[in-house]
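Take a look at the structure below. We will walk through it step by step, from one chain to the pair and then to the DNA.

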2 protein chains.
Amino acid sequence: MSKLTSASGRKKTADATAAISRATIADVAAAAGVDPSTVSRVLSSDPAQRVREDTKRRILNAAQALNYQPNVIARSLRAAKTYSLGIAVPQLDNPVFAMAIQGAERAARERGYSLLISHIEPGASDAAVYQRMSELNRVDGLLVATLETDRELVGALERTGVPFVLLNRRIASVANCIVLDSRAAAHKAVDHLVSLGHRRIAHLAGHLDGFNGAERFAGYKEALLRHKIAFDPTLVVAAGYTASGGATAMRALLSRNGPKPTAIFAATVVSAAGALSVLHAADIEVPRDISVIALHDSIIAEMLFPPLTTVQLPVEEMGYRGASGLIDLLEGKRDDVGCTLPPDRLIVRASTAELNS
Amino acid sequence: MSKLTSASGRKKTADATAAISRATIADVAAAAGVDPSTVSRVLSSDPAQRVREDTKRRILNAAQALNYQPNVIARSLRAAKTYSLGIAVPQLDNPVFAMAIQGAERAARERGYSLLISHIEPGASDAAVYQRMSELNRVDGLLVATLETDRELVGALERTGVPFVLLNRRIASVANCIVLDSRAAAHKAVDHLVSLGHRRIAHLAGHLDGFNGAERFAGYKEALLRHKIAFDPTLVVAAGYTASGGATAMRALLSRNGPKPTAIFAATVVSAAGALSVLHAADIEVPRDISVIALHDSIIAEMLFPPLTTVQLPVEEMGYRGASGLIDLLEGKRDDVGCTLPPDRLIVRASTAELNS
DNA sequence: AGCATGTGAACAATCGATTGTTCAACCGTT
DNA sequence: AACGGTTGAACAATCGATTGTTCACATGCT
């Protein structure tokens, strides 16, 4: 293919492989009888150059006839942009991450970007993952959504030289964070329990040294205060974000001295699931003997027994806003994209009930 | 390169932006005092060209000193390969898809490929998604894992001209399918129930016109036959792959005339979850009154009440094999990659028990 | 010594699209 | 009719890496 046979030469003989080797801009130019640069300017509607109406029409017709699609790779090389974003997640099977990815993918798709996914193996450092993604020049920006409370994370991210947005975690030195208003969500959950008459409300907390865990715990305390309920630290147990953590924490609560709580506010559906299994095993009936509510709705909530009352959080939208904001950043449309998303709504299922004193 | 300014020129002034603008092959060549083509041949250990040992050393040193990473985009343009695979999924929050993606990502990463993810919006045709991925010249191959029983799917895929591998679905005309041995898994599940003394075993089936639904149903029938249990069609209800489908099917089973089944074999954990909620509501205790087993283990199984006995299926490995095989295909290392993966093992939890007649 | 051979590395084209620059044709003006 | 100005489009360089070809020099041989 030494001498431009690629443009006209191929088109004539390539019917058999038409689906495989796509038309290039040179093919379109040849068909329209113009220079490739003119085609480029017409198709990207470059205002720096005027083009006669009928030339424009010829080009557009040729492009359509050949089903021309610009080659993203070539464009990327020239523009030094990949038109793709990277996201790395520690666990794909956690619905929270799944929904965040789904939102991010939607935003990327709408804006003509691709979403590149990477899994952070347990034990591996996420910094290494971001490093790899950026070193290969494969992404223009990174979405960062990890459970890890890594002090070095931000430093590592900045060293990659690639713009990034943090999801579901606020770090003081980083402006671009999209977070859920966990505090407001906690208020909503506690308000619901209080409205049902509960006052001895326990909290299955997340990681108290992490952003979300701390926020949810703070919201819990604030809500108690607002309802003039004394805060009892023995009613708070860290459960992490796993079912077994929730189970362990629930057992701790049950074996505690003093009157049993009449309601549980769990930081996540997953830990609530663990708690429910312990309650079943202890023959404590939900919601007759104890009410349970958790933050963040997911398909799992509906499947538990009893179906779990939750405060729904806009996780899909968090992913959407994160990706969309990151693209704004990359395209210079905005300088910072931080925002806090309020909880969606309370979804009352069968795990909470009026206190029967 | 008219006058090498890009190579040496930049390096001298770019300390501030060092992290952003990476070294190119021209930079390495300049530093080693050789031609870029020589650098390329040394770094890709091209056997077609011999290079003196000390030249080789100079180049390797320069590359290391500059922390040179080949630009994937440029390489892609030249090679007409993107070194990335696409995968499209209908629901990200279904753990089955999540695990398949995780496996695919692992394989891709190990082989130096990226995984590009796309979500198929409900109601949208997956064909359109694959079309889009391939049109943008963004992927070398596609992993196809959909629930849809789309007759036109294969045609649409072939029209993209991009090699593909089907996951979790066998289609006669397609050689490259990685599937789970649903039939063997069904045997395992039924065997377990029979070993506990059950003989009136109902089946919450998937979609009977889909590959997996049909296979699981066939396996169920075969296993019954092997145990000399008469097949009773009224004990089979299609439940699809949702919790509400499982609930509806379970209600149908309970309202059926004739003796109640003593055990349920559900095609999926999700439909089993729906069934469990109906059983709870009807005050039928599991496993005392009825045993329940489902195919494919997931984190959800552990969270249900009671924790669900399952036959674990190698879904992560399915994704791994799919991606790995697809790359073999692309690199000409293999011509076909079909395989059937046997079920992993039976995981006995609390939802199945000895029949107490 | 002279010619054929071989070795090591530079040269240059290429992938497909974008964009700064050049240039020819045409217009109206004096 | 000559000239300045505008318009429309071609020309050519570029992004970074790969690879077929060329070429200078050193070596071997008779």
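Two strands count as paired if DSSP finds at least two bridges between them. Keep that rule in mind for the place where the two chains join. Strand E2(A) and strand E2 of chain B, residues 114–119, are linked by three bridges. These two strands run antiparallel. One facing pair here is Leu115(A) and Ile117(B), the latter in E2(B). In general, strands of a sheet pair through backbone hydrogen bonds, either parallel or antiparallel.

The model is predicted. Begin with chain A. It contains 14 helices and twelve strands. Its C-alpha atoms fill a box of roughly 90 × 40 × 35 Å, taken along the principal axes. The radius of gyration of chain A is 27 Å, whereas a compact globule of 357 residues would have one near 21 Å.

Now follow the sheet across both chains. It is an open sheet of twelve strands with mixed pairing. The order starts in chain A with E11(A)-E5(A)-E4(A)-E3(A)-E1(A)-E2(A). It continues in chain B with E2(B)-E1(B)-E3(B)-E4(B)-E5(B)-E11(B). The edge strands are E11 (339–341) of chain A and E11 (339–341) of chain B, and each pairs on one side only. From one strand to the next, the twist averages 25°.

Look inside the sheet for a parallel pair. Strand E4 of chain A, residues 164–167, runs parallel to strand E5 of chain A, residues 177–180. Two bridges join them. Here Leu167(A) stands opposite Ile178(A) in E5(A).

How is chain A laid on chain B? A turn of 180° and a shift of 0.1 Å along the axis do it, with an RMSD of 0.2 Å. That is the relation of a two-fold axis. In chain A, Leu116(A) has the C-alpha nearest the axis, 2.4 Å from it. The same surface serves both copies, as 100% of the contact residues of chain A recur in chain B.

Next, turn to the contact itself. Chain A gives 45 residues and chain B gives 45 residues. On the side of chain A that touches chain B, at least two residues come from each of H5, helix H6 (95–110), strand E2 (114–119), helix H12 (269–281) and helix H13 (299–303). H6(A) has the largest share, with seven residues. By class, this side of chain A has 24 nonpolar, 13 polar and eight charged residues.

The DNA comes last. Which residues are closest to DNA strand C? They are Thr24(A), Ile25(A), Ser37(A), Asp35(B) and Ser37(B), out of 32 residues that surround the strand. In chain A, helices H2 (25–32), H3 (36–43) and H5 (72–79) each give two or more residues to this surface. In chain B, helices H3 (36–43) and H5 (72–79) do so. H3(A) gives the most, with five residues. The surface near DNA strand C has 13 nonpolar, eleven polar and eight charged residues.

DNA strand D is surrounded by 29 residues. The closest are Asp35(A), Ser37(A), Thr55(A), Ile25(B) and Ser37(B). At least two residues of this surface come from each of H3 and H5 of chain A, and from each of helix H2 (25–32), H3 and H5 of chain B. The residues near DNA strand D divide into eleven nonpolar, eleven polar and seven charged.

Conventions
Residues are numbered from 1 along each chain as its sequence is written. Chains are lettered from A and ligands numbered from 1 in the order in which they are written. This is a predicted model: local features need pLDDT of at least 70, side-chain atom pairs count only at pLDDT 80 or more; totals for chains, interfaces and linings use all residues. Helices (H or I, at least four residues) and strands (E, at least two) are DSSP runs, numbered from the N terminus. Axes are lines fitted to C-alpha atoms, for helices over the stretch in contact, and angles run from 0 to 180 degrees between N-to-C directions. A residue is near a molecule or strand if its C-beta atom, placed from the backbone, lies within 6 Å of it. Ala, Val, Leu, Ile, Met, Phe, Trp, Tyr, Cys and Pro count as nonpolar, Asp, Glu, Lys and Arg as charged, and the others, Gly among them, as polar. Copies are superposed by least squares on the C-alpha atoms of residues with pLDDT of at least 70 in both. Two residues are in contact if their C-beta atoms, placed from the backbone, lie within 7 Å. The radius of gyration is taken over C-alpha atoms; the globule rule is 2.2 Å times the number of residues to the power 0.38.
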